[in-house]
Amino acid sequence: MKKSTAILILSILVGVLAIMTITDKVPMHFDSNGEITRYGSRYELLIFPAIIFVLILFWEILARVTSKGVASGKSENELQKAEINANMIRFVGAVTCFGVLATQIMVYLIAKLSMSTDYIKIGAGVVIGLILIGAGYATKNTHINKAIGVRIKKTFESEEIWRKVNKKTGITLMIIGFLVAVAAFTKIDFKIVMITAILIIVVSTFVYTAMETSR
């Protein structure tokens, strides 16, 4: 939660800095190719800290509910697993908050420095790539839980199946995240990149599950 709180404070500072240093409107919406489709008031940059605050509350509540869901009479090993899950949930929360902050900073820099829209695609691709890498790291380190990870009927059958499927899926997410970030520097249509990434993630998850449950 400390990481997310630090991100919130930084986001507030960016918002205040934007109000003090930007007089024109700022770009607030982009299409898949990075072209600006809507401008808004510089005060709209204060929406980002509000979003981060809501995200912090959501992920912290989810983490606490997950850890408290394990009865006190459980073994030390099970309690440790619950704590790991709670920490991974908080980590995912910090990653999503970082994504919001990075978007806010990108919007500010584009407005302040009149940067080319080419940088929008690059910035968005890198941010999404980092979020996928972070999500992959959390996924591969989780134990059975109902909050994050590959949560389908088959993976809940045993801790072993859960761990194997989520480890492979997590590594896949991290690789795809890296490739998405790299693709942002190319001329490939970013919409195609994201559709391909989503398809690979979905298909590979079911393939991993089928492989582990058929043994």
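## Close-up views of a predicted helical model

The secondary structure of this chain comes to six helices and two strands. All the views below come from a predicted model.

**Figure 1. The whole chain, from end to end.** Read along the sequence, the elements follow the pattern α-β-β-α-α-α-α-α. The C-alpha trace spans about 60 × 40 × 20 Å along its principal axes. The chain has 215 residues, of which 39% count as buried. Five salt bridges are found in the structure, and several of them appear in the close-ups that follow.

**Figure 2. Confidence along the chain.** The chain has a mean pLDDT of 86, and 93% of its residues reach 70 or more. Which element has the lowest mean pLDDT, and which the highest? Strand E1, residues 26-30, has the lowest, at 73, while helix H5 has the highest, at 94. A word of general caution belongs here: where pLDDT is low, the predicted coordinates should not be read in detail.

**Figure 3. Helix H4 against helix H5.** As a reminder, two packed helices are described by the angle between their axes and the distance between the axes. Here H4 (residues 118-140) packs with H5 (residues 159-183) at an angle of about 165°, and their axes are 7 Å apart. Angles over 145 degrees count as roughly antiparallel, so H4 is roughly antiparallel to H5. The crossing of H4 past H5 is left-handed. Sorted by class, the residues in this contact are 14 nonpolar, eight polar and four charged.

**Figure 4. Helix H5 against helix H6.** Turn now to the partner of H5 in this second view, helix H6, which covers residues 190-213. H5 and H6 pack at about 165°, with 9 Å between their axes. That angle makes H5 roughly antiparallel to H6. H5 passes H6 in a right-handed crossing. The contact of H5 with H6 is made up of 14 nonpolar, six polar and three charged residues.

**Figure 5. A salt bridge between helices H5 and H6.** Glu212 and Lys168 form a salt bridge, and their closest N and O atoms are 2.6 Å apart. The pair links distant parts of the chain, with Glu212 in helix H6 and Lys168 in helix H5, 44 residues apart. Are these two residues buried or partly exposed? Glu212 is buried, with a relative accessible area of 7%, whereas Lys168 counts as partly exposed at 27% relative accessibility.

**Figure 6. Glu60 and its two arginine partners.** In general, side chains of opposite charge can pair when their charged atoms come close. The side chain of Glu60 meets that of Arg64 in a salt bridge of 2.8 Å, N to O. Both Glu60 and Arg64 lie in helix H2 (residues 47-68), four residues apart, which is about one turn of the helix. Glu60 also meets Arg90 in a salt bridge, this one at 3.0 Å, N to O. The pair of Glu60 and Arg90 links distant parts of the chain: Glu60 sits in helix H2 and Arg90 in helix H3 (residues 76-113), 30 residues apart. Through shared partners, these salt bridges join Glu60, Arg64 and Arg90 into one network.

**Figure 7. Accessibility within the Glu60 network.** What are the relative accessible areas of Glu60 and its partners? Glu60 has 9% and is buried, because buried means under 20%. Arg64, at 46% relative accessibility, counts as partly exposed. Arg90 is partly exposed too, with a relative accessible area of 23%.

**Figure 8. Leu173 in helix H5.** This close-up stays with helix H5, where Leu173 has its place. Leu173 is buried, with a relative accessible area of 11%. How far is Leu173 from Asn141 in space? Their C-alpha atoms are 13 Å apart, and in sequence Leu173 and Asn141 are separated by 32 residues.

**Figure 9. Arg38 in strand E2.** The last view moves to strand E2, residues 36-40, which holds Arg38. With 37% relative accessibility, Arg38 counts as partly exposed. For a sense of place, compare its position with that of Ala197: the C-alpha atoms of Arg38 and Ala197 are separated by 27 Å, and the two residues lie 159 residues apart along the chain.

Notes. Residues numbered from 1 in each chain as written. Predicted model: local features only at pLDDT ≥ 70, side-chain atom pairs only at ≥ 80, totals over all residues. Heavy atoms only, no water. Axes fitted to C-alpha atoms, helices over the stretch in contact; angles between N-to-C directions. Parallel < 35°, antiparallel > 145°, perpendicular 65-115°, else oblique. Left-handed = near helix turned anticlockwise from the far one by under 90°. Nonpolar A, V, L, I, M, F, W, Y, C, P; charged D, E, K, R; others polar. Salt bridge = Lys/Arg side-chain N within 4 Å of Asp/Glu carboxyl O. Buried < 20%, exposed > 50% of the residue type's maximum accessible area, 1.4 Å probe, protein only. pLDDT = per-residue confidence, 0-100.
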